[in-house]
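Got the viewer open? Let's take a walk through this one together, selecting a few residues at each stop.

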Amino acid sequence: TRSSDLAKLEFNDQKEIMGMISGEKETVPFSRKIIPADAKGMVEKWLLEVENVMIRSLHDVTEKAMEAYAEVPRPKWVLEWPGQVVICVSSTYWTTEVTNAIKEKGGLERYLKKSNAQIDQIVELVRGKLPKMARITLGALTVIDVHARDVVAKLTKDGVSDPTAFDWISQLRYYWEDNDVVVRMITTDIKYGYEYLGNSGRLVITPLTDRCYRTLTGALKLNLGGAPEGPAGTGKTETCKDLAKAA
């Protein structure tokens, strides 16, 4: 389903593992150090520990980023966290804010203006001088933000005023519940995997992408699998990979 982009491990002078490095050279520190020597030469033992600590560490970084989002201006915040965490946390706040906007009279119109302003802020950042890693993060974030803005524009146009309306619940939504990220679409709930993906780009989301996501998440809800069918080179595999990245 999903290929982890944990390319290298960061060791200190005592041969203890302190963090992980992606193929793009993004570094995420571990929540606790790993001592491979304790495994007495059993490689699979400390590699399993690396996997568990990766999940724990990404959860901890996500939790800290959630708290920081409310306190730091967004253009500054997006440059301070790993790309994967930026998209996850930003999507979570977007879900909450849109849900609240749907309930308020004229809320969606106001939120549409805010969405456009947020995209303008990111475009402003991209035009300036940025480290390579931040540029990759902002590229992926812009793709997600533009789709999020388009969703809000459609909800506004259709006059949606109920958070349980199909137009809204059929979107990929992120929730922070019981100290965990939950991804929802229609009736499907998926616990976020916290598998480190590195800092990679994201696909532009078209209406067909959304329809594939709905079908595949619906299949997962029924403990089934899914395999898109169609002509070569249309993005079947990439769509599956992108849904895996999202969860």
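## Stop one: a bridge and its hairpin

Select Glu-177 and Asp-180: Asp-180, in strand β5, is the bridge partner of Glu-177. Keep in mind as you look around that this is a predicted model.

Now widen the selection to strand β4, residues 173–177, together with β5. The two run antiparallel and pair over 5 bridges. What lies between them? The hairpin formed by β4 and β5 has 2 residues between the strands. Click on Asp-178 in that turn, and you'll find a positive phi of about 50°.

## Stop two: on to the next strand

Carry on to strand β6, residues 188–191, which pairs with β5 in the antiparallel sense over 4 bridges. Two pairs are worth picking out here. Val-183 has Ile-190 of β6 as its bridge partner, and Met-185 is matched with Thr-188 in β6. The link between β5 and β6 is a hairpin too, with 2 residues between the strands. Its turn holds Ile-186, whose phi is positive at about 55°.

Now show the 3 strands at once: they make an open sheet in the order β4-β5-β6, with antiparallel pairing. Why is one side of β4 and of β6 left without a neighbour in the sheet? Both strands stand at the edges and have a single partner strand each, so one side of each stays free of a sheet neighbour. On average, neighbouring strands here are turned by 30° against each other, direction ignored. Add helix α3 to the view: α3 packs on the sheet and touches β4 and β5, and its direction makes about 90° with that of β4.

## Stop three: inside β5

Select β5 by itself, residues 180–185. Is it mostly covered or mostly open? Mostly covered: 6 of its 6 residues are buried. Colour the two faces to see how that works out. Asp-180, Val-182 and Arg-184 are buried on one side, and Val-181, Val-183 and Met-185 are buried on the other. While you have Arg-184 selected, bring up Tyr-175 as well: Arg-184 lies over the face of that ring, 4.9 Å from the ring centre.

## Stop four: aromatic rings

How many aromatic pairs does the structure hold? There are 4. Start with Trp-94 and Trp-168, an edge-to-face pair at 5.3 Å centre to centre with 65° between the planes. Trp-94 belongs to helix α3 (residues 83–103) and Trp-168 to helix α6 (residues 166–169), so this pair ties together parts that are 74 residues apart in sequence. Both Trp-94 and Trp-168 are buried.

Next, jump to Tyr-192 and Tyr-194. Their ring centres are 5.1 Å apart and their planes sit at 80°, so this pair is edge-to-face. Tyr-192 and Tyr-194 are both buried. Before leaving the rings, select Tyr-69, Trp-77 and Tyr-93, which form one aromatic cluster.

## Last stop: the cysteines

Finally, how many disulfides are there? The count comes to 0. Zoom in on Cys-212, which is in no disulfide: the nearest cysteine sulfur belongs to Cys-240 and is 7.3 Å away. Cys-212 is partly exposed, with a relative accessible area of 21%. Cys-88, by contrast, is buried, with a relative accessible area of 2%.

Definitions and conventions
Residues are numbered from 1 along each chain as its sequence is written. This is a predicted model: local features need pLDDT of at least 70, side-chain atom pairs count only at pLDDT 80 or more; totals for chains, interfaces and linings use all residues. Side-chain values use heavy atoms; hydrogens and water are left out. Buried means under 20% relative accessible area, exposed over 50%, partly exposed in between (1.4 Å probe, protein chains only). Two strands pair if DSSP finds at least two bridges between them. Rings of Phe, Tyr and Trp (its six-membered ring) pair if their centres lie within 6.5 Å; planes under 30 degrees apart count as stacked, over 60 as edge-to-face and the rest as tilted. A charge sits over a ring if NZ of Lys or CZ of Arg is within 6 Å of the ring centre and within 35 degrees of the ring normal. A disulfide is a pair of cysteine sulfur atoms within 2.5 Å. Axes are lines fitted to C-alpha atoms, for helices over the stretch in contact, and angles run from 0 to 180 degrees between N-to-C directions. Contact means heavy atoms within 4.5 Å.
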